[in-house]
Every structure is written in structure tokens, then in C-alpha cells.
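Dear colleague,

Please find below the structure that I am handing over to you. My findings follow directly after it.

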Amino acid sequence: MGLEKTQQVLAQLYTNTVLRERFFANPQVVCEEFGLSFDEAKQLAQLSAQQVNLFASSLKRKRLGEVRELLPLTHRVLGKDFSKLFWQYAETYIPKGIKKHLEDAIAFANFIEKVTDSDRIEPSPVVELVRYEKAWLEAAEPTRRLTAYKFRYAIKQLARSLAQQDKEPLLLLQPSLILWFRLSPRSHLRHIAIALPKLG
């Protein structure tokens, strides 16, 4: 139990900036909050703040690189804001498991959607693009047979335009329904776009 709790504290120290600052200001108090014994706390207190901070930064940069590859169009449209948002997000979520990069990218996409409520970035078409890339990641799950998302813009054309690095991304206010599906569990993922009638 002691080793398990110690590992939990270390994982939190490497991912949570606020906790890390509290720990190096008063390690005994933080260790008590996690239920560590006096000896375990004493041992952790010998950690180098500089080394822990360096390792924590390295972990986040690695996560950022993986997520950037999984959300390339979102990264392109957000530019520097992509990294800024990721640093904020990385304080709130710790991916786990064998698909942690995929789950990290999906969770980050959810975070971007929520952030739009605070008006830090424009809700459209950036959010539409985020939802589009998130849907691709969700649909890639082999056990999933059907994924469907409705968009306010001609999102497939916008994505293609961005992928081709057009100087002016093609932005058409045309509702569309995108379907991702597999005919069988082992078949390739298919992707179709259906233009919907404009409302109003």
C-alpha cells in the first residue's frame, strides 16, 4: 500500500503544478493528505524541485506532441493558442491506459469546446473543426460501428481546404451530416458527408 500511495503522489506531482508548488513549500502536509507515513513523507521530501519540474515539463511536452499529431487541423487553425490551451488543459486531466494518447486528444478536444464558453476563442468554425477531428478519433475505435455528427458548416470541405494548406480556408455556412461507419467489425472505417438543407 505504501509504494502504491507513493506512486500516486509522484504521478500527481508530475502533472499538477499547484500541488507541486504546495508540496515543495510543505511536503509533510501534502503527504499527510495522501495518507503517507512520516517516513514515506520524509523520503519524498528529498526530491529535487528542479528535477521534478524538468520531468513534469518533459511529460507535458511529450503529451502535447502526441495530441498535436492527432488533432492536426485544430492545431493549424488555433496556431499558438493550441499550446496555450493545452498547458491549461494538462493541469486538469491525466491520461491512463494503453490508449492514453487517443483519450488525451479526445479529452483535450472536449476541453476546447468548453473553453469557448468563456469567449477565449471564437466558437465557429474552430469548434466545428474540433468536433470533426474528435469524431474521427472516436470513430477509429474498432468496436464502434457508427458515429454521426451534425455540423453547421460544410465541414468536410473546410477540413480538406485546411489539409491542402489553402491560403483562405473554404468556409461555407452549409449544414452537413457526417457519418463514420464500418460494414463489419474488421472492415475499414468509411466516411461520408451529407449536405443538409439550410434552415431559415
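In what follows, angles of 65 to 115 degrees between axes count as roughly perpendicular. Please note that the model is predicted.

The first finding concerns a pair of helices. The axes of α9 (residues 126-139) and α10 (residues 155-163) cross at roughly 90° and come within 10 Å; the two helices are therefore roughly perpendicular to each other. On the α9 side, the contact is made by Glu128, Leu129 and Tyr132, which meet Ile155, Lys156, Leu158, Ala159 and Leu162 of α10. By class, six residues in this contact are nonpolar and two are charged, with no polar residues.

The second finding concerns helix α7 (residues 80-90), in which Phe82, Leu85, Phe86, Tyr89 and Ala90 are buried. These residues lie on the same side of α7, because the arc they cover around the axis is only 130°. Lys80 and Lys84, on the other side of α7, are exposed. As general background, an α-helix has 3.6 residues a turn, so residues three or four places apart point the same way.

Finally, I draw your attention to Val52, a residue of helix α5 (residues 49-70). Is Val52 buried or exposed? With a relative accessible area of 4%, Val52 is buried, since the limit for that class is under 20%. Apart from its neighbours within four places in sequence, Val52 is in contact with Leu13, Tyr14, Arg20, Phe24 and Leu47. Between the C-alpha atoms of Val52 and Leu3, which are 49 residues apart along the chain, the separation is 18 Å.

With kind regards

Technical notes: Residues are numbered from 1 along each chain as its sequence is written. This is a predicted model: local features need pLDDT of at least 70, side-chain atom pairs count only at pLDDT 80 or more; totals for chains, interfaces and linings use all residues. Side-chain values use heavy atoms; hydrogens and water are left out. Axes are lines fitted to C-alpha atoms, for helices over the stretch in contact, and angles run from 0 to 180 degrees between N-to-C directions. Helices (H or I, at least four residues) and strands (E, at least two) are DSSP runs, numbered from the N terminus. Angles under 35 degrees count as roughly parallel, over 145 as roughly antiparallel, 65 to 115 as roughly perpendicular and the rest as oblique. Contact means heavy atoms within 4.5 Å. Ala, Val, Leu, Ile, Met, Phe, Trp, Tyr, Cys and Pro count as nonpolar, Asp, Glu, Lys and Arg as charged, and the others, Gly among them, as polar. Buried means under 20% relative accessible area, exposed over 50%, partly exposed in between (1.4 Å probe, protein chains only). The arc is that of the directions from the helix axis to the C-beta atoms.
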